Amino acid sequence: MLGEAAVLAGCRYYFGYPITPQNEVPEYMSRRLLEVGGTFIQAESELASINMVIGAAMAGGRVMTSSSSPGISLKQEGISYLAGQELPAVIANMIRGGPGLGNIAPSQSDYFQATRGGGHGDYRCIVLAPASIQELADMTLQAFDLADKYRNPVMILGDGMMGQMMEPVTFPEPVDPAKLPEKDWVLDGAKDRPQRIILSMLLDPKILEAHNYKLVRKYDAVRENETAWEMTDCDDARLVVAAYGTAARIAGGAIRRVRQRGLKVGLFRPKTLWPFPAKPLEELSHRVRHILTFELCAGQMVEDVQLAVKGQAEVKLYGRPGGVIPTPEDVAHQISHYYYGAHLDEEGPGGGA
Amino acid sequence: MKQVFARPKSLKPAATHYCPGCGHSIIHRLVAEVIDELGIQERTIGVPPAGCAVLAYNYFDVDMGEAPHGRAVAVATGIKRVLPDRVVFTYQGDGDIAAIGTAESIHAANRGEKITAIFVNNAVYGMTGGQMAPTTVPGLVTTTTPGGRQVNRDGAPLDLTQMLAVAKGAVYLERVAVSDPKHIRQAKKAIKKAFQVQLDGLGFALVEVLSACPTNWKMDSITAWQWVKDSMTKDFPLGVIKDETGYDAGPETEAGDDR
């Protein structure tokens, strides 16, 4: 899915290294890119593959790589350079349980790594979190456009569940890479123009500071224009579950169950993890004073939720690390426990604390 | 009046930051002369290393894209695969290509990436202040081998170029030195051939250039360059290490070349 969506987005270059659970992507790209005249290289390491991505991006190609947690750690060097050199590229991380080698089960334990930069230096990746196969397809196309628009690495954050789920999907219209807007900064030989240099080393602190502030302004623009989220059943909610990706799907099932039992519970789902939809969540916290963050990790996004609500709502965590996938019933149980424990069933109509 | 000597077009009129007696300026000039002579300045893209030559983009007047330490051939691979009709070269030091970038180097060579690598071996980490390099020869004192490199403790110098010879996609590998005018002429010939290999689409080509680092070797320039000839060449003998180009005597053998 990810692979075909990337090809539809006009991606013609893929560099990767095998790691479970995302081997379907390089396997698919190895034959599909041949068909469309692109280039696939199975590199000798994640380091090599992300650096091939750097080179292809410098040369103006629509390029991507994919991996899973331990492999993404190795790619962080290159991702930092992509950000510093302002190069567009798409990186997909199908998260598995960690730390270390962990396991190959679906997890969300790379949230910090993805949303805080991940590598060294002052930078941000744009992080998209699909919660359905349709969204995975749509967001893959969006990822390439965002990468080009902001000249910044974009990360698609999923997990093995998202990678192996089967759902009907409507494919977006294919993008012809030849018809994409011309990039006036690529390295393609200094013919009839001055030399171009792409670098991230700026030895003079004043110049590097100016570069850092330029990046900050770019990130501000991304925050302003690209922050995306979805609210479901939040209008009358007395408790809202905050969850993304696979966890949001499970939470959705849990909320349907508790609603049938009369509990007024909604779902707040960030679609971009960076930028995190802090403003809408803060506004929501003016009316809904109880937020249950549900993540497939020991608690990472919960810190962004706490920052967003600025203490106006109580924030609790239901986190399941290690690749354990709770059922909607498990989550429903957690919701009910919180709901009745906070006596939300005893409030008057309209909710509020 | 006939002009007999000028700055190559592919070299900017800039003063370099290199130390007195360093070989980088000579090697830069040779690469620039070759780019000029082959008429490829407008379609050449260079990838400098992390190391003393990190600022090479200030000197070469071609498009340049900086690579993380050791990853230059991987970056060059990405560029070349997107733009196969451009000429892509890397310029790397010994620590860059033969320590942290060993894996990238051998696999790019093995895939036969159609790029040209210029590998400057001065037996020491220059920019970081003179630590042991993979190519530091036994006995040489560095800041991390205070009593001199000991083979039983620090390992023997690694001959990366020889190692690359087993890679099927490497078609031309030669070791040269820029220690005196005669060797400089030979070095230029090798560099030109390594670019020609790429122009002819034959595969991976690398020229290892033995150079001096008087500053970190703590020698005066004359002693340092003599040391290149007398000592370094014992561990790194000059000559063609691999040549599967099929060129008879090189594409443009210059008369009077007395190799």
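Which residues of strand 9 of chain A point one way from the strand, and which the other way? In this predicted model, A:Leu239 and A:Val241 lie on one side of strand 9 (residues 239-242) of chain A, with A:Val240 and A:Ala242 on the other, and all are buried. Strand 9 of chain A pairs with strand 10 (residues 265-270) of chain A in the parallel sense, over four bridges. One of the bridge partners in strand 10 of chain A is A:Gly266, which is matched with A:Val240.

## Chain A: overall form and domains

The secondary structure of chain A comprises twelve helices and 13 strands. Its C-alpha trace spans about 75 × 45 × 40 Å along the principal axes. The radius of gyration of chain A is 21 Å, which agrees with the value near 20 Å expected of a compact globule with 353 residues. Of these 353 residues, 53% count as buried. Among the contacts in chain A with a separation of 6 or more, 79% are between residues 24 or more positions apart.

Chain A is divided into domain 1 (2-226) and domain 2 (230-346). The C-alpha centres of the two domains are 29 Å apart. At their contact, 28 residues of domain 1 of chain A meet 23 residues of domain 2 of chain A. On the domain 1 side, at least two residues each come from helix 5 (111-115), strand 5 (126-128), strand 6 (153-159), helix 7 (160-164) and helix 8 (205-226) of chain A. Helix 5 of chain A gives the most to this side, with four residues. By class, the domain 1 side has 16 nonpolar, seven polar and five charged residues.

## The nonpolar core

The largest nonpolar core has 191 residues, and those with the most contacts inside it are A:Val241, A:Ala251, A:Ile335, B:Ile118 and B:Val209. Domain 1 (2-226) and domain 2 (230-346) of chain A both give residues to this core, so the core lies between them. Leaving aside neighbours within four places in sequence, A:Ile335 is in contact with A:Leu239 and A:Val241, and also with A:Ala254, A:Val258, A:Leu263, A:Val265 and A:Leu292.

## The contact between chains A and B

The contact between the chains takes 32 residues from chain A and 28 residues from chain B. Strand 1 (44-47), strand 2 (63-65), helix 2 (72-82) and helix 4 (102-111) of chain B each give two or more residues to the side of chain B that touches chain A. Helix 2 of chain B gives the most to that side, with eight residues. The residues of this side of chain B divide into 14 nonpolar, five polar and nine charged.

Helix 4 of chain B has buried residues at B:Glu104, B:Ser105, B:His107, B:Ala108, B:Ala109 and B:Arg111. The buried residues of this helix pack against helix 3 (46-58) of chain A, and also against elements of chain B including helix 2, strand 7 (170-177) and strand 8 (204-210). Just after helix 4 of chain B, B:Gly112 takes a positive phi of about 70 degrees.

The two chains also share a sheet. This open sheet of eight strands has mixed pairing and the order 7(A)-2(B)-1(B)-3(B)-4(B)-8(B)-7(B)-9(B). Strand 7 of chain A and strand 9 (239-243) of chain B stand at the edges, each with a single partner strand, so one side of each is left without a neighbour in the sheet. Strand 7 (residues 197-198) of chain A pairs with strand 2 of chain B in the parallel sense over two bridges, and A:Ile197 has B:Met64 as its bridge partner. Strand 3 (residues 87-93) and strand 4 (residues 116-121) of chain B run parallel and are joined by five bridges; B:Phe89 has B:Thr116 as its bridge partner.

## Backbone features in the loops of chain A

| Residue or bond | Angle | Loop of chain A |
|---|---|---|
| A:Thr20 to A:Pro21, cis | omega near 10 degrees | A:Pro21 between strand 1 (13-16) and helix 2 (24-35) |
| A:Trp274 to A:Pro275, cis | omega near 0 degrees | A:Pro275 between strand 11 (272-274) and helix 10 (278-285) |
| A:Arg151 | positive phi of about 50 degrees | between helix 6 (133-150) and strand 6 |
| A:Asp233 | positive phi near 55 degrees | between strand 8 (229-232) and strand 9 |

A:Arg151 counts as partly exposed because it has 17 C-beta neighbours inside 10 Å. A:Asp233 is also partly exposed, with 16 other C-beta atoms within 10 Å.

Definitions and conventions
Residues are numbered from 1 along each chain as its sequence is written. Chains are lettered from A and ligands numbered from 1 in the order in which they are written. This is a predicted model: local features need pLDDT of at least 70, side-chain atom pairs count only at pLDDT 80 or more; totals for chains, interfaces and linings use all residues. A nonpolar core is a set of buried Ala, Val, Leu, Ile, Met, Phe, Trp, Tyr and Cys residues joined through C-beta atoms within 7 Å. A residue is buried if 20 or more other C-beta atoms lie within 10 Å of its own, exposed if 12 or fewer, and partly exposed in between; C-beta atoms are placed from the backbone. Domain bounds come from an automatic or database domain assignment. Two residues are in contact if their C-beta atoms, placed from the backbone, lie within 7 Å. Ala, Val, Leu, Ile, Met, Phe, Trp, Tyr, Cys and Pro count as nonpolar, Asp, Glu, Lys and Arg as charged, and the others, Gly among them, as polar. Two strands pair if DSSP finds at least two bridges between them. The radius of gyration is taken over C-alpha atoms; the globule rule is 2.2 Å times the number of residues to the power 0.38.
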